[in-house]
Amino acid sequence: MSAAVPASQQAAPQPVPRPQPRPARRGLRRRAGRTGQYAALLCYLVFLAFPLLWLVSTAFKSPRELGSVDPTWLPRHPTLGNFRTALDEQPLLHAALNSLLVAGAAALISVAVAVPAAYAMVRFRGAVSRAGTGWILVSQMFPLVLVIIPLFMVLKNLHLIDSRPGLVVVYVVWTLPFVLWMLQSYVKAVPVSLEEAAAIDGCGRLRTLRSVVLPLLAPGLVATLMFAFVTAWNEFFFALVLLKTPEKQTMSVILTHFTGAEGAADLGPLAAASLLATIPSLAFFALLQKRLVGGMLSGAVKG
Amino acid sequence: MRRRSLLTGAAATAAAAGSTTLLSGCGSSDASGVPTLDFLSLAWQEESVAANKALVAQWNTAHPEVQVRYVQGSWDDVHDQLLTSFEGGAAPDIIHDEGNDLTDFGSGGYLADLTGLLPAAVRGRIPSAAWDMGRFGGGLYGVPFLQEPRVLIANRGLLGEAGIDLPDAEQPWTWAQFEDIAKELSRSGGKDERYGVAWPMSSPVSVTLNLSLTTGGRILYRKDDGGTEVRLEQADSAFAEMVRRQVGTDRSAPASALGMSGGDTLPGFFAGRYAMLPLNLSYRQQVQQQAPARFDWVTLPLPVGAGAPDGGRAQGVSPQTLSVSKDCRHQAQAAAFIGFMTQTDHLVELARGDWMAPTGTDALRDPSLTTGKLGWSTGMSVAAHLVASPALGRRGYPEWSDKVATPALQQYFSGAIGLDSLRKKLVRDGNRVFDRYRS
Amino acid sequence: MSAAAATAEPRPGAGTPPPRTTAARRRMLGLDRDAWFLLLPALIPVLVLSVGPLLYGISLAFTDAQSGVTRSTSFTGLTNFADLRLDSLFWDSFRIGLIWAVCVTALQLLLALGLALLLDQNLRFRWLARTLALVPWAMPEVVVGIMWRLVYNPDAGVLNNTLRHLHLTSGHTDWLSSLSLALPAVIVVGVWAGMPQTTVVLLAGLQNVPLELHEAAGIDGAGAWRRFTTVTWPTLKPVVLSITALNFIWNFNSFGLVFVLTSGGPGGKTRLPTLFAYEEAFRYGQFGYAAAMGLVMVAVIAVLLTVFLRNRLKEADQ
């Protein structure tokens with residue numbers, strides 16, 4: 001139903017008995033509005049996406065061209081050398097797989113655990129939910145660096161150092177606060193009357209959650225899932241200190257191996273490697289963005 | 001209460017795993033009982049990663065009784081990574097790091113004192129000036145193995161056009177000559193604006209300290225009680241004053257470069273906007289890789305100060321080091337591995353891979369490092385005069401550097417404050433910081 | 001809206017309808033087994049791996065804990081806070097942190113709201129636009145920092161080159177090393193890096209805007225702005241509040257990007273308070289003092305958020 005979401009400018013003239021502007025002018029205005037929208041969108045995309053273009057361009061340039069004072073968008077002599085170096089030098093594909101596993105598992109578990117909790121915190125407000133919200137905010141406010149050392153020691157006692165499941169657990173806990181926080185605001189948008197109707201129909205709490213609340217949450221769930229995935233995919237510090245074995249390392253840690261002291265960097269291979277690291281997330285976004293507009297929403301909310 | 005037990009208590013309570021002791025995870029053994037040592041390496045350039053990995057493989061073949069595992073680290077975050085794993089008791093066994101970091105980790109009790117562990121042959125290979133860089137507080141916490149002096153990388157074409165004679169390593173320019181030459185090479189205004197030199201000062205403190213030695217200063221002085229005193233006499237500030245003159249008065253150095261790191265200045269250098277760059281020796285690799293075809297560049301010795309010890313050739317340096325973690329259960333074997341890595345021929349390989357200078361006396365004279373090509377011989381002869389950076393062994397240096405010296409020097413170079421103001425900040429605020437670290 | 005209410009004070013009537021009677025409510029609070037059952041999966045890992053370390057980290061603020069196995073730690077009460085009160089460098093950086101967090105959060109919200117409304121339209125190539133809008137999110141932070149340093153490079157940067165070609169400036173502006181430009185320059189990067197998350201959250205929130213209300217308003221001849229304020233905004237508001245509060249906290253706490261760009265320079269002009277606390281803990285090993293900074297930051301942000309959210313709630317009630 002996503003296509004049915006009315007554009008504000010698109011609010012079509014309905015056959016309403018009321019003086020209307022002449023159709024021709026109206027169409028003109030609409031078209032002007034449309035053009036304005038496309039222009040605005042273009043500005044946004046240029047601002048947001050040009051570093052990616054630059055990354056692509058850098059990845060295909062030779063070191064010689066990278067030292068040029070007058071850089072061009074199109075490489076003058078495109079080369080695949082950077083990709084070859086990057087792939088030779090570091091186990092990129094392996095690291096990408098690790099990242100995918102860890103971030104994927106963490107995002108799914110985090111959201112799965114958070115949905116019931118967020119629901120409980122919204123619907124049964126009280127001491128527990130207040131403590132929960134307090135914890136969410138404090139845990140986001142307190143500088144992470146000060147928590148890392150005690151966390152490290154706890155994990156060590158649990159034998160979760162240098163293990164991917166250990167990293168997943170950390171990411172779940174680390175993404176939970178904002179996953180909970182975001183889900184709460186989406187849950188709140190679900191009309192409580194629907195649940196009451198379901199309860200009257202004889203649905204249990206869990207059944208209501210599954211068949212009434214969840215479908216309505218879909219767009220919010222997708223947004224939150226993307227959130228958790230990207231956060232875990234990009235996370236660097238935990239992965240750095242928790243994983244020792246080279247074969248277990250994730251993409252974000254591997255990428256720093258292309259940088260040296262005092263901001264020096266092996267620019268070409270770094271760009272090539274980053275491009276390889278960026279493309280999976282972008283593909284993932286392209287797949288998910290459709291779900292961002294809830295297909296199931298329209299009918300239910302009307303109730 | 002001891003910190004360690006406090007940490008243990010908190011961790012154990014939180015994990016509800018009180019029975020687990022906080023024994024080191026270092027020096028694990030595989031199923032066959034052969035100990036495996038983790039070697040955290042910070043090599044990052046392609047050739048040097050390859051050289052390191054090859055040496056580890058060679059060691060593993062020759063020593064089936066102790067295996068070494070190569071673990072890749074990164075300069076950007078090694079300090080945080082090490083501090084966390086030291087505190088948590090799971091540090092790598094053999095650690096590649098640099099001199100400034102050793103001060104904290106060594107005095108924090110995380111590193112093994114290598115004094116009794118190293119084979120005598122190792123001690124003989126490296127001169128005493130270098131050993132000073134890893135020794136403080138009565139212990140030896142790292143073996144300095146690679147180091148790099150600053151050199152001048154110059155656009156030979158521009159210097160030739162201006163009719164300037166190139167100095168050799170025996171007879172470097174003095175700073176005064178250098179200033180004149182930089183002025184001569186500068187051309188202001190218009191499209192062909194050019195500066196004689198560009199000073200990349202994104203981290204201004206270490207350069208200023210290390211090069212103040214060439215004018216007979218050192219800024220950070222060791223007090224009798226082991227503490228640190230900051231001074232900014234004429235000899236200490238001569239270098240900083242010169243940079244300020246070049247940026248502010250002579251206009252022979254651009255203000256815009258002050259915020260750059262070394263690599264950021266290269267495009268301007270290749271485009272002829274800067275005629276000379278004072279850079280670390282290893283930047284030659286990037287220059288060689290990125291310079292446009294037919295770009296003619298040359299490595300010159302850094303200028304020297306008049307009336308300074310060692311003819312003004314002595315720059316300070318914080319070397320790259322190899323250390324052993326205190327928690328390591330096979331310290332002797334780890335030290336033996338360091339001995340292996342620092343054998344003369346291996347030092348030469350590692351230095352070539354990183355485009356740096358080795359510390360070993362014989363390694364510095366190795367024919368493959370003293371070729372005239374790509375500035376190697378100039379680099380090696382400048383490197384022979386290196387001494388320990390004034391910052392080494394000074395507890396409190398990172399805090400002084402971040403909070404006091406970096407902003408003060410940046411403001412001074414850009415002209416926002418004068419010399420008196422700089423002195424007041426560095427010395428008065430600085431001594432206050434250092435006094436806190438006395439105990 | 002109760003997410004907000006919990007940080008402010010619990011307000012009667014804020015949020016979705018609460019249980020009708022006090023008795024029903026009490027039953028649901030502590031005694032309702034469902035609630036515990038639903039919370040449990042989240043609760044256990046959180047207690048072990050987050051609350052524990054967090055409490056430990058906070059407790060350090062009252063000790064003189066330092067790095068190093070050889071140094072002992074003792075309880076020092078409020079000494080750290082007394083020292084901190086006189087630490088003018090910290091308060092300078094605190095001011096910078098507030099400017100940074102407020103600017104980045106406000107710009108992020110405005111720009112992201114515009115973008116989300118555009119992406120909610122039925123435009124052609126919407127899928128592509130939506131994907132591209134998420135680019136900053138997909139790029140790893142290490143790379144983001146390095147790319148933007150290249151963009152800002154005075155000699156070979158894209159920005160100066162473009163400006164030079166357009167004859168707008170001489171093309172040698174030093175964005176990151178000028179005392180006055182450095183902070184605005186890093187704020188732009190901060191906004192850029194944080195926009196996707198805000199956009200996605202708002203876009204998802206827009207899906208809750210009741211369609212027929214929109215249609216009805218359209219039929220009534222309401223203009224785009226009227227429709228936005230009367231229909232879209234009221235529904236979107238809880239989501240806006242949530243994400244803005246979170247964004248503010250995150251922005252205040254983030255320093256990685258700025259660290260890569262300027263390392264806090266020039267002359268301390270971009271030294272954010274979290275960077276300060278990080279250096280205090282990890283570079284100088286003063287864990288206790290750094291924890292005290294952390295606590296002070298938590299306290300100040302909490303107060304600011306309470307004020308922010310309370311005002312918003314009052315507006316909502318009117």
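## Two spans of chain C

Let's begin with residues 131-151 of chain C: this span is 81% helix and 0% strand, and its end C-alpha atoms lie 22 Å apart. Keep in mind as you look around that this is a predicted model.

Residues 98-119 of chain C make a good companion view. Here the chain is 100% helix and 0% strand, with 31 Å between the end C-alpha atoms.

## What the UniProt record says

Both spans appear in an unreviewed UniProt entry, which lists them under "transmembrane region". For chain C that entry also gives residues 35-58, 175-195, 248-267 and 287-309 under this heading.

## Two domains in chain C

Stepping back, chain C is divided into domain 1, residues 19-62, and domain 2, residues 78-317. Taken over C-alpha atoms, the centres of these two domains of chain C are separated by 30 Å.

How many residues bring the two domains of chain C into contact? Domain 1 of chain C contributes 4 residues, and domain 2 of chain C contributes 6. On the domain 1 side of this contact in chain C there are 3 nonpolar residues and 1 polar residue, with no charged ones.

## Where chain C meets chain B

Chain C also touches a neighbour: 33 residues from chain C and 34 residues from chain B take part in the contact. On the chain C side, the elements giving two or more residues are helix H3 (33-59) and helix H14 (273-283). The largest share, 4 residues, comes from H3(C).

By class, the chain C side that touches chain B divides into 13 nonpolar, 15 polar and 5 charged residues.

Conventions: Residues numbered from 1 in each chain as written. Chains lettered and ligands numbered in written order. Predicted model: local features only at pLDDT ≥ 70, side-chain atom pairs only at ≥ 80, totals over all residues. Domains from an automatic or database assignment. Contact = placed C-beta atoms within 7 Å. Nonpolar A, V, L, I, M, F, W, Y, C, P; charged D, E, K, R; others polar. UniProt positions renumbered as here; feature names shortened; annotations may be inferred.
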